[in-house]
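Reader: I would like a close look at a single part of this model, with the details set out in order. Please take one helix and describe what surrounds it, then add whatever else is on hand.

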Amino acid sequence: MKNEKEILKWLNGELSGQEVEDLKKSEGIDTFEKIAHYASHLETPKVDAQAALAQFKTRSKYKKEPKIRTLNFKSFYRVAAILIVLLTSAYFLFYNTATTFETQIAQTKTFLLPDESEVLLNASSKITFNERKWADQRDLTLEGEAYFQVKKGKTFSVKTTDGVVKVLGTHFNVKQRKNYFEVSCFEGLVSVTHNQKTIKLPPGKTFRLINNQIEAVPDFNAQNPSWLQQESSFDRIPLDQVIAEFERQYDLKIKTDGIDTSKLFTGSFTHTDKNIALEAITIPLKLSYRIEGKTVIFYNYGVQ
């Protein structure tokens with residue numbers, strides 16, 4: 001191993017690039033890299049490495065019991081590395097309480113939040129929240145789509161990249177996908193904040209954003225979103241969004257051949273039979289399709 005002076009310079013970031021490369025070739029460098037890594041993630045009192053080392057050597061030099069072997073420099077830092085690993089593990093165990101629920105393609109998941117509010121997570125979606133703070137702050141982050149049945153209590157917030165949804169106790173659905181954001185209220189009252197503007201939705205109302213443009217949406221009288229019945233429904237939605245939803249429900253990719261994917265689609269498709277689902281999408285748009293392995297190709301009638 002290199003001498004102590006070079007190691008201290010490395011830990012303090014005082015070595016040149018070439019000196020660092022030479023040091024990395026030394027025996028035992030893994031131990032010191034672990035020390036540097038874990039130390040950088042902990043908020044601990046700053047220690048003067050030179051002073052600490054000098055003090056340690058002084059204590060070792062003047063010990064009254066010469067038979068006791070003093071720790072050498074390498075052993076000192078190995079012990080330090082172990083202590084840092086233990087401290088880091090304890091920190092994440094007791095303070096990092098982020099909880100995540102996630103689904104993959106063609107998968108849904110139902111779970112309860114700490115206040116027994118129920119969440120139904122659609123395919124390819126993710127929810128993250130802080131369980132430790134939940135009693136005081138009912139906040140969570142959503143990527144994808146979820147249906148919420150919220151217990152009454154403090155304000156309940158769903159944060160997405162396109163807006164924030166807040167309620168006290170209600171049933172509502174939030175869908176946040178690429179270039180698409182939609183919130184539908186099924187019970188109670190929902191407030192949606194987008195671009196610093198807040199809109200309140202009573203039951204049967206929907207807020208929809210496509211390509212960052214607010215779209216008018218007819219009222220509805222359904223009791224819950226269609227995807228809970230294994231079906232995706234659309235009302236004047238661009239075909240590219242319909243295709244993306246199909247790909248989330250089936251482990252297939254769709255390619256379009258000479259088709260305008262901005263054309264609007266109204267209809268639905270099942271999540272239980274890919275052929276019936278493909279026909280439900282293509283027939284109303286007067287399109288054909290063929291399946292090649294795990295790829296589906298959409299094309300216009302009469303074009304092969």
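Author: What follows deals with helix H7, then with a pocket and one strand residue. The model is a predicted one.

Helix H7 covers residues 274-282, and its buried residues are Ala277, Leu278, Ile281 and Thr282. Viewed along the axis of H7, these buried residues fall within an arc of 120 degrees, so they line one face of the helix. The general rule is that an α-helix has 3.6 residues a turn, so residues three or four places apart point the same way. The partners against which the buried residues of H7 pack are helix H6 (239-249) and the strands E15 (253-257), E16 (264-270), E17 (287-292) and E18 (295-300). At the N-terminal end of H7, Asp273 acts as the cap, with a side-chain oxygen 3.0 Å from the backbone nitrogen of Asn275.

Next comes the second largest pocket, which holds about 490 Å³ of space. Strands E8 (171-177), E9 (180-187), E12 (206-210) and E14 (231-238) are the elements that each give two or more residues to its lining. E14 gives the most, with six residues. The lining has 26 residues, and those nearest the centre of the pocket are Glu182, Ser184, Arg208, Ser226 and Ser233. By class, the lining is made up of 10 nonpolar, eight polar and eight charged residues.

Last is Leu140, in strand E5 (residues 138-149). Leu140 has a relative accessible area of 1% and is buried. Beyond its neighbours within four places in sequence, Leu140 is in contact with residues including Leu113, Phe129, Trp134, Phe148 and Val158. Ile127 is 13 residues from Leu140 in sequence, and their C-alpha atoms are 6.8 Å apart.

Conventions: Residues numbered from 1 in each chain as written. Predicted model: local features only at pLDDT ≥ 70, side-chain atom pairs only at ≥ 80, totals over all residues. Heavy atoms only, no water. Helix = DSSP H or I, 4+ residues; strand = E, 2+ residues; numbered from the N terminus. Buried < 20%, exposed > 50% of the residue type's maximum accessible area, 1.4 Å probe, protein only. Contact = heavy atoms within 4.5 Å. 1 Å grid on protein atoms, 1.4 Å probe; cavity = no way out; pocket = protein on both sides within 12 Å on 5 of 7 lines; lining within 4 Å. Points joined across faces, edges and corners; volume = space filled by probe spheres on them. Nonpolar A, V, L, I, M, F, W, Y, C, P; charged D, E, K, R; others polar. Arc of directions from axis to C-beta. Polar contact = N/O pair within 3.5 Å; in protein donor to acceptor, adjacent residues only side chain to side chain.
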